[in-house]
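Please look over the sequence and the three-dimensional structure shown here before reading on. The paragraphs that follow lead from the chain as a whole to its ligand and then to individual residues.

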Amino acid sequence: MFIMFTEILRPDYDDKALETAALILKSGGVVVIPTETVYGLAANAFDEKAVEKIFKAKGRPQDNPLIVHICEFDDIYGVAGEVPENARALAGAFWPGPLTIVLPKKDTVPENVSAGLPTVAVRMPSHKLARETIRLCGFPLAAPSANISGFPSPTAFTHVFDDMNSRVDAILDGGECQLGLESTVISLAGETPRLLRPGSVTLTQLRSVIGAVTVDSAVLNPLAEGVQVASPGMKHRHYAPLADVAVIKGSLDDFIVYISANIADGVMALCFEGEEDKLPVGAVSMGREDDPFSQARALFGALRELDARGAKRVYARCPSPEEVGLAVCNRLFRAAEFEILEGTRD
Ligand code: TXA
Ligand code: MG
């Protein structure tokens, strides 16, 4: 059980908040930091014991590797054994920002950061508080999303507090995360660049910089039995609220008909903005139907809100999987454990 005292650091009111965070990290502690995507649960990426505390605090399976966060491009040479030209091109185009690049790893990176893989995932966040904290530390920070393993990633201070109070040394309050979904993950460690996890940097953008990029089948499909995973994170139950979620394909009318035929105690809807009043059950919005960025920002908070409102069974509208929508669908389909139903009337 965790009985740690968790210090809340508020840079808005406390000039020393970042220094305090860096001091805790330098002494081998774990601190939750805000990033532009989601909050991260950070520790010194070169300190195996500190990293171990991340796994404990999250209840994270040992076979799921962590992303290493750096604050300057040259820091990449401290963790990656090889930095190919296309990695430099992607970093030039999208760093600092929501893109993680998987590269062959250096021995300096402890085994538990990469979960035993010969590769390391690297990202330079654009969030000022994150980068400044890394700079003050003088070492990169290993940080997964700061949720209890399996639950939706935290995109607001209250989400972090609910999950991590008494499990970490400190939480740095940075308000709401601007993007709301985790970074795009691309592997450059294999023969062709491969998209492992979609995010706000889209496939179109990646291809415009480095040409061909293949899409790992786990991006939109459940894992087939016995298939080897490129990104171990994809094989675990993920992003799921306590409620049982199903995605309903089709129009708003189909959705209304489907829910009307399935009303029961604890049934709620996850819909697009403006649809709430048209539904026969309580509903929470996940952003505007025509704006995947608003969906990305709203999705994880909406899943947590449904739990807070006591939902047991949630029917969700199906976003369009175009561009940033691919990331929204990737997370929502996992939250639904791939229960995707046809809402058509016949
Ligand atoms: O936006 C983000 O990426 C956030 C913020 C905090 O930076 N972090 C994040 O970390 O989402 P996490 O641990 O929740 O997700 C990391 C993903 C997992 O799916 C993991 O399997 C994959 O990246 N990953 C990490 N290292 C890898 C590696 N060496 N090879 C393949 N996949 C890797
Ligand atoms: Mg995560």
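**From the whole chain to its details**

The accessible surface of the chain comes to about 14,500 Å², and carbon and sulfur atoms account for 50% of that surface. The model is a predicted one, and the values given here should be read with that in mind. Taken along the principal axes, the C-alpha atoms fill a box of roughly 60 × 45 × 35 Å. The radius of gyration of the chain is 20 Å, which agrees with the value near 20 Å that a compact globule of 346 residues would have. Of the 346 residues in the chain, 55% are buried. The chain holds nine helices and 16 strands, and among its contacts between residues at least 6 apart in sequence, 67% join residues that are at least 24 apart.

With that frame in place, the ligand comes next. Ligand 1 is surrounded by 27 residues, of which T37, R60, N64, H69 and S183 are the closest. Sorted by class, this shell consists of 14 nonpolar, nine polar and four charged residues. Several polar side chains can be placed against the ligand at the level of single atoms: an N or O atom in the side chain of T37 is 2.6 Å from an oxygen atom of ligand 1, and an N or O atom in the side chain of H69 is likewise 2.6 Å from an oxygen atom of the ligand. For S145, a polar side-chain atom lies 3.0 Å from an oxygen atom of ligand 1. On its own, ligand 1 has 680 Å² of accessible area, and the protein covers 97% of it. The elements that contribute two or more residues to the shell are β4 (67-69), β6 (119-123) and β10 (194-197), and β6 gives the most, with four residues.

H69 deserves a fuller description, since its name has already come up at the ligand. This residue is found in strand β4, and it is buried because its relative accessible area is 4%, which is under the 20% cut-off. Besides its approach to the ligand, the side chain of H69 reaches the backbone oxygen of I67 at 3.3 Å. Apart from neighbours within four places in sequence, H69 is in contact with R123, P125, I134, P140, L141 and A143. One of these pairs also shows how sequence and space can part ways, for H69 and P140 stand 71 residues apart in sequence while their C-alpha atoms are 5.4 Å apart.

Another residue that contacts P125 is R131, which is found in helix α4 (residues 128-137). R131 has a relative accessibility of 19%, and since the cut-off for buried is under 20%, it counts as buried. With neighbours within four places in sequence left aside, its contacts are C71, E72, P96, M124, P125 and S126. P96 in this list has a feature of its own, in that the peptide bond leading to it from W95 is cis, with omega near -10°. The place of P96 is in the loop between α3 (85-94) and β5 (99-104).

Which backbone values are unusual in general? Most peptide bonds are trans, and most residues other than glycine have a negative phi. Against that background, two further residues may be noted. E323 is not a glycine, yet its phi is positive, near 50°. It is found in the loop between β15 (313-317) and α9 (324-335), and its relative accessibility of 42% makes it partly exposed. F338, also not a glycine, has a positive phi of about 65°; this residue is found in the loop between α9 and β16 (340-342), and its relative accessible area of 22% means that F338 counts as partly exposed.

A last residue, G59, brings the account to the surface. G59 lies in the loop between α2 (48-58) and β4, and at 52% relative accessibility it counts as exposed, since the cut-off for that class is over 50%. The C-alpha atoms of G59 and S183 are 21 Å apart, and the two residues are separated by 124 places in sequence.

How values were computed
Residues numbered from 1 in each chain as written. Chains lettered and ligands numbered in written order. Predicted model: local features only at pLDDT ≥ 70, side-chain atom pairs only at ≥ 80, totals over all residues. Heavy atoms only, no water. Near = heavy atom within 4 Å. Polar contact = N/O pair within 3.5 Å; in protein donor to acceptor, adjacent residues only side chain to side chain. Areas by Shrake-Rupley, 256 points an atom, 1.4 Å probe, with all protein chains shown as cover. Nonpolar A, V, L, I, M, F, W, Y, C, P; charged D, E, K, R; others polar. Rg over C-alpha atoms; globule rule 2.2 N^0.38 Å. Buried < 20%, exposed > 50% of the residue type's maximum accessible area, 1.4 Å probe, protein only. Contact = heavy atoms within 4.5 Å.
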